[in-house]
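Please open the model in your viewer and keep the sequence panel beside it. The stops below suggest what to select next and describe what is there.

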Amino acid sequence: MNSERLTKRIIACLDVDGGRVVKGVKFQELRDAGDPAELARTHAAAGADEIVLLDITATSGERQTLIEIVGRTARQLFIPFTVGGGIRTLDDAARVFDAGADKVSINSAAIAGPELISNIANRFGSQAVVVAIDGKRGQQSPAEAEVFVAGGRKSTGRKVVDWAKEAESRGAGEILLTSMDRDGTGIGFDCELTASVAGTVSIPVIASGGAGNVQHFQDVFSEGKADAALAASIFHFGTHAVAELKQTLLHAGIPMRWPC
Amino acid sequence: MIAIVDYGAGNISSVKKAFEHLGASVQVTSDPVVIASAEKVVVPGVGHFNRCEFLNERLRLPVMEAVKQGKPFLGICVGMQWLFAGSTEAPGTPGAALFAGECSRFPAEVKSPHVGWNQIDVREGSRLLRGIENGAFVYYTHCYRAPLVPETVASSGYGGEFSAAVERDNVFGVQFHPEKSGDTGLMLLENFCEL
């Protein structure tokens, strides 16, 4: 047995709106794709290493719906489970953990008040805090990539690499890095940006945005130095998608948890 | 009843949930009386080793009494590290010293924390790992790890080999998270329930 075999993770992301999983391209044409708890189970059985549930509900009045969904999803899920979207305070995080999440993903709220990272980390441990960063760089170098918040609509003027470093020093356990340039395009992850962040922090980096085919995953693990890759739409192609993806990557020499 | 000891070390609802899924009767508690009346004791935990201070100050006696009586005991993650003499993460905080040696941080040449799925090299004859195949995948998230000891029943490799699971009589410890390790983890917890 290979003695140094920490595998690369394939993370299935469920975008949830009003209690249902939706899929769409660039946040348009949202279409109902099913029940979150059921889909999470299906992805886990198919070989996903982790599940992320992202609440993209526009209205804040539906938080209770989310808590119920998290509880229902967690009850039948025995792999790591992250919940993100609308978590603004330690109390918000505590409610999501109580409902059964293992990690929370925070984004805009961490930029607005970075102490949220350490507050959650001190109470629930660093392993429970994922800081999500939406980065955009256009034609510029990875070092110039800028952090955006509010679903990618608002520029912060902060550099992705600097913010990742600060998030780590404040107690983040992982970085979920989404390329705004690639998100929804299916033309591949931003490997250069991922590699620049992965080379800066010592915590794991999860790459997101742009997955379209198996080669893209291979690239982001080898060139992009990602520890994990997240994709939503690719897994809705069918329940075999994860299994096929993992087997192909394994044959290409990427360490994978397979068979699961 | 299985007592899941709550000593403020992170989120333990997943451990409870996994046992309940297996049909076990569990109680999350920091009450010495409840721990004393339990048939089995689980000490979970994630986070910093200094959280074990609370365990040492308030719950060491009932937990150690349960161990002395031969009640099945399972330490998970920091709960396993506590079974050792201590950890360099919190030099002033002693462990239970049921296993020799000290937990220490991963060497600088590997990324820390060690997060994700890694394989276990299973030694034969473990009761906790009965039915679990050599090379099975389990989920880890930690910066410190326990050394290999004669009681090591499974090991993993990351910056060198470390104890993934230890076992002596009815005292068990696992560095990984069985409650998050899919079917392999559930099988381990079921083995513990059936002891």
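**A first bridge in chain B**

Begin with B:R105, whose bridge partner in β10(B) is B:Y144. Before going further, bear in mind that this is a predicted model.

Now widen the selection to strand β6 of chain B, residues 102-105, which pairs with β10(B) in the antiparallel sense over two bridges. These strands belong to an open sheet of three strands in chain B, ordered β5-β6-β10, in which the pairing is mixed. Colour β5 (86-87) and β10 (144-145) of chain B: each has a single partner strand and stands at an edge, so one side of each is left without a neighbour in the sheet.

**The eight-stranded sheet of chain B**

Stay in chain B and select the open sheet of eight strands, which runs in the order β2-β1-β3-β4-β13-β12-β11-β8 with mixed pairing. At its edges you will find β2 (26-29) and β8 (121-122) of chain B, each of which pairs on one side only.

Next, pick out β1 (residues 2-5) and β3 (residues 40-43) of chain B, which pair in the parallel sense over three bridges. Within this pairing, B:I4 stands opposite B:V42 in β3(B). Then add the helix α1(B), which lies across β1, β2, β3 and β4 (73-76) of chain B and runs at about 165° to β2(B).

**Chain B as a whole**

Show the whole of chain B, whose secondary structure comes to five helices and 13 strands. Its radius of gyration is 15 Å, close to the 16 Å that the globule rule gives for 195 residues, so chain B is as compact as a globular protein of that length. Along the principal axes, the C-alpha atoms of chain B fill a box of roughly 45 × 40 × 30 Å, and 54% of the 195 residues of this chain count as buried. Of the contacts in chain B with a separation of 6 or more, 67% are between residues 24 or more positions apart.

**Where the chains touch**

Which parts of chain B should be selected to see the side that touches chain A? The contact takes 31 residues from chain B and 29 residues from chain A. On the chain B side, α1 (13-21), β7 (114-119), β9 (137-142) and α5 (182-193) each supply at least two residues, and β7(B) gives the most, with six residues. Coloured by class, this side of chain B shows nine nonpolar, 16 polar and six charged residues.

**Across to chain A**

Turn now to chain A, in which there are nine helices and twelve strands. With a radius of gyration of 17 Å, close to the 18 Å that the globule rule gives for 260 residues, chain A is likewise described by that rule, so it is as compact as a globular protein of that length. The C-alpha atoms of chain A fill a box of roughly 45 × 40 × 40 Å along the principal axes, and buried residues make up 52% of its 260 residues.

**The largest nonpolar core**

Finish with the largest nonpolar core, which has 144 residues; those with the most contacts inside it are A:I51, A:V104, A:V131, A:I175, A:I206 and A:A229. Strand β1 (residues 9-17) of chain A gives the most to this core, with six residues. As a last selection, centre on A:A229: leaving aside its neighbours within four places in sequence, its contacts include A:I10, A:I11, A:F189, A:I206 and A:F221.

Technical notes:
Residues numbered from 1 in each chain as written. Chains lettered and ligands numbered in written order. Predicted model: local features only at pLDDT ≥ 70, side-chain atom pairs only at ≥ 80, totals over all residues. Helix = DSSP H or I, 4+ residues; strand = E, 2+ residues; numbered from the N terminus. Rg over C-alpha atoms; globule rule 2.2 N^0.38 Å. Buried ≥ 20, exposed ≤ 12 C-beta atoms within 10 Å, placed from the backbone. Contact = placed C-beta atoms within 7 Å. Core = buried A, V, L, I, M, F, W, Y, C linked by C-beta atoms within 7 Å. Pairing = 2+ DSSP bridges. Nonpolar A, V, L, I, M, F, W, Y, C, P; charged D, E, K, R; others polar. Axes fitted to C-alpha atoms, helices over the stretch in contact; angles between N-to-C directions.
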